[in-house]
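Hi everyone, thanks for making time. I'll walk you through one model today, so have a look at it while I talk.

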Amino acid sequence: MNSLIRRLLGQPDTDPLSYEQARELARHQDPDVRRELAERTDIVPEILYYLAEDPDPRVRRAIIANTATPPLAHLLLAHDDDEDVRCDLAAKIARLAPQLSEHEQGRVQAAILEVLDNLARDQIPRVRQILSEALKDVADAPPDVIRQLARDVEVAVAAPVLEFSPVLTDEDLLEIIASSPISAKLSAISRRRLVTPMVADAIAGTADGDAIAVLLANGSAQIREETLDRLIEAAPRHPSWHEPLVRRPTLGGDAAVRLARFVADNLILVLQQREDLPPDAAREVARVVHRRLGEPPKGDGRGARTAPPDLKVTATDWHRPTRQALERASFMASRGLLTEKVVEDALFAADEEFVTAALAVLGKVPPEVVSAAILSSSPQGIVAVAWKAGLSAQCAVHLQAQLGRVAPSVILRPTRSAGYALKPDEMEWQIDLFRKAVSEHLGRAGG
């Protein structure tokens with residue numbers, strides 16, 4: 001389709017316009033003609049500057065989009081009465097500033113900086129917000145403009161640069177934290193890719209619960225151990241801190257034990273499953289967990305049973321695990337939380353009631369049958385129960401040694417391929433054997 005200018009002049013669009021032609025078209029009464037002229041890059045800067053004051057905002061927006069527009073025209077448009085014009089200008093200038101060549105910077109840098117400064121102080125928040133979004137991750141953005149945006153009273157303007165701008169220094173951030181303790185701004189700073197210990201201390205010192213929760217959830221935030229200790233001390237009053245505290249990338253053993261005393265049950269499980277805790281801390285976390293749930297660990301703390309390991313177990317020693325242990329194991333299993341690691345942790349904490357309940361629930365075996373296999377110290381019976389529960393052959397070794405008190409010389413160990421030493425039908429037979437023994441005993445007791 002022929003353009004308006006081509007039809008008016010009767011020449012191809014590719015032919016350059018003379019100065020006189022461009023001047024006449026710039027005064028044409030049809031704004032569509034002037035807008036089309038404003039889109040051309042082959043006319044002298046004087047004409048483009050003239051069109052920057054065109055009464056039609058569509059023409060002025062075309063001037064902004066034109067790559068040939070002179071810097072002084074941008075400065076003029078920074079004071080335009082139309083909000084959309086200034087929004088377009090903010091987006092363009094923010095893209096243009098970091099792309100200037102060294103030669104261009106020497107020529108137009110002052111004008112560009114003045115335009116950016118004017119836009120950063122624009123009375124319309126949307127203009128400032130567009131500028132902030134465009135400059136937020138520009139490494140060589142003008143520092144004064146970034147600081148102006150970071151201190152903006154509108155959170156939508158300040159937040160992008162507070163969260164992302166590499167131009168802001170720790171000193172800038174500390175000053176903003178001290179002078180503008182607005183929660184949303186503090187949270188934006190807390191989300192930065194790298195929060196230094198000084199800035200983290202300042203955020204923690206604000207007592208802003210939401211911002212501190214964001215800080216704790218930021219895995220790259222460098223939080224001093226002393227600061228984390230203070231936050232843990234205050235954490236019982238701030239439930240929103242619990243999960244990010246429990247999931248911190250590095251968590252000291254003492255901190256984990258303290259958290260285990262007050263976080264919710266589902267977060268206790270997260271603590272129990274952490275593999276980076278020192279052994280002593282992992283054991284103490286497990287003990288705290290079981291004490292909280294009203295199930296004190298069994299034994300003397302070292303896993304030793306009070307009865308001699310070679311004691312002959314009679315039918316009257318067969319029993320069900322406590323109701324609390326069975327309910328907890330069932331609850332965890334229903335949510336897919338009753339994992340092998342959870343069983344191993346409970347075994348490590350000498351919580352025999354829970355381990356027995358877990359084996360029963362996972363294997364869908366009556367708890368009395370599991371108890372009978374364990375109390376008989378039968379390697380075959382314990383291995384069968386572990387297999388039925390879907391646990392590994394290596395876990396079965398731990399169950400034999402720590403729960404069944406099986407002598408090391410007779411423990412059934414995994415095959416070279418880490419499988420079970422017994423065949424599936426042999427293990428089913430073992431479970432049936434204990435099932436019948438328990439049934440007979442219960443029958444006699446009932447009679």
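**Salt bridges, a buried arginine and a helix**

Let's start with Asp84, which is partly exposed, with a relative accessible area of 32%. This is a predicted model, by the way, so keep that in mind throughout. What does Asp84 form a salt bridge with? Its partner is Arg126, and the closest N and O atoms are 2.5 Å apart. That pair links distant parts of the chain: Asp84 sits in helix 7, residues 83–96, while Arg126 belongs to helix 9, residues 125–135, and the two are 42 residues apart. Arg126 counts as partly exposed too, at 36% relative accessibility.

Next pair. Arg151 and Glu175 also meet through their side chains in a salt bridge, 3.1 Å from N to O. Arg151 lies in the loop between helix 10 (143–150) and helix 11 (155–164), and Glu175 is in helix 12, residues 170–179, so this pair ties together parts that are 24 residues apart in sequence. With 37% relative accessibility, Arg151 is in the partly exposed class. Glu175 is partly exposed as well, with a relative accessible area of 33%.

There's also a group to look at: Asp32, Arg35, Glu39, Asp56 and Arg58 are joined into one network by salt bridges that share partners. Let's zoom in on one of those bridges. Arg58 pairs with Asp32, and there the closest N and O atoms are 3.2 Å apart. Again, distant parts of the chain are linked: Arg58 is in helix 5, Asp32 is in helix 3 (residues 31–38), and 26 residues separate them. Arg58 is partly exposed at 40% relative accessible area, and Asp32 is partly exposed at 27%. How many salt bridges does the count come to? The answer is 29.

Stay in helix 5 for a moment, residues 57–65, because Arg60 is there as well. Is Arg60 buried or exposed? Its relative accessible area is 10%, and the cut-off for buried is under 20%, so Arg60 is buried. Leaving out residues up to four places away in sequence, Arg60 touches Leu51, Ala52, Glu53, Asp54, Pro55, Leu77, Asp80, Asp82 and Val85.

Now over to helix 23, residues 352–363. Its twelve residues should span 16 Å at 1.5 Å a residue, and the end C-alpha atoms are indeed 16 Å apart, so the two agree. Ten of the twelve residues are buried, which means helix 23 is largely enclosed by the rest of the structure. Among the buried ones are Glu352, Glu353, Phe354 and Gly363. And what covers the buried residues of helix 23? The cover includes helix 21 (323–334), helix 22 (340–348), helix 24 (367–375), helix 25 (379–388) and helix 26 (393–403). Right after helix 23 comes Lys364, with a positive phi, near 55 degrees.

Last thing: confidence. The protein chain has an average pLDDT of 82, and 86% of the residues score at least 70. Two stretches to flag, though. Residues 100–104 have a pLDDT below 50, and beyond near neighbours in sequence that stretch has five contacts in the model. Residues 294–317 are also below 50, with 36 contacts in the model beyond near neighbours in sequence. Where pLDDT is low, the predicted coordinates should not be read in detail.

That's my tour. Happy to go back to any part of it.

Technical notes
Residues numbered from 1 in each chain as written. Predicted model: local features only at pLDDT ≥ 70, side-chain atom pairs only at ≥ 80, totals over all residues. Heavy atoms only, no water. Helix = DSSP H or I, 4+ residues; strand = E, 2+ residues; numbered from the N terminus. Buried < 20%, exposed > 50% of the residue type's maximum accessible area, 1.4 Å probe, protein only. Contact = heavy atoms within 4.5 Å. Expected span 1.5 Å × (residues − 1). Salt bridge = Lys/Arg side-chain N within 4 Å of Asp/Glu carboxyl O. pLDDT = per-residue confidence, 0-100.
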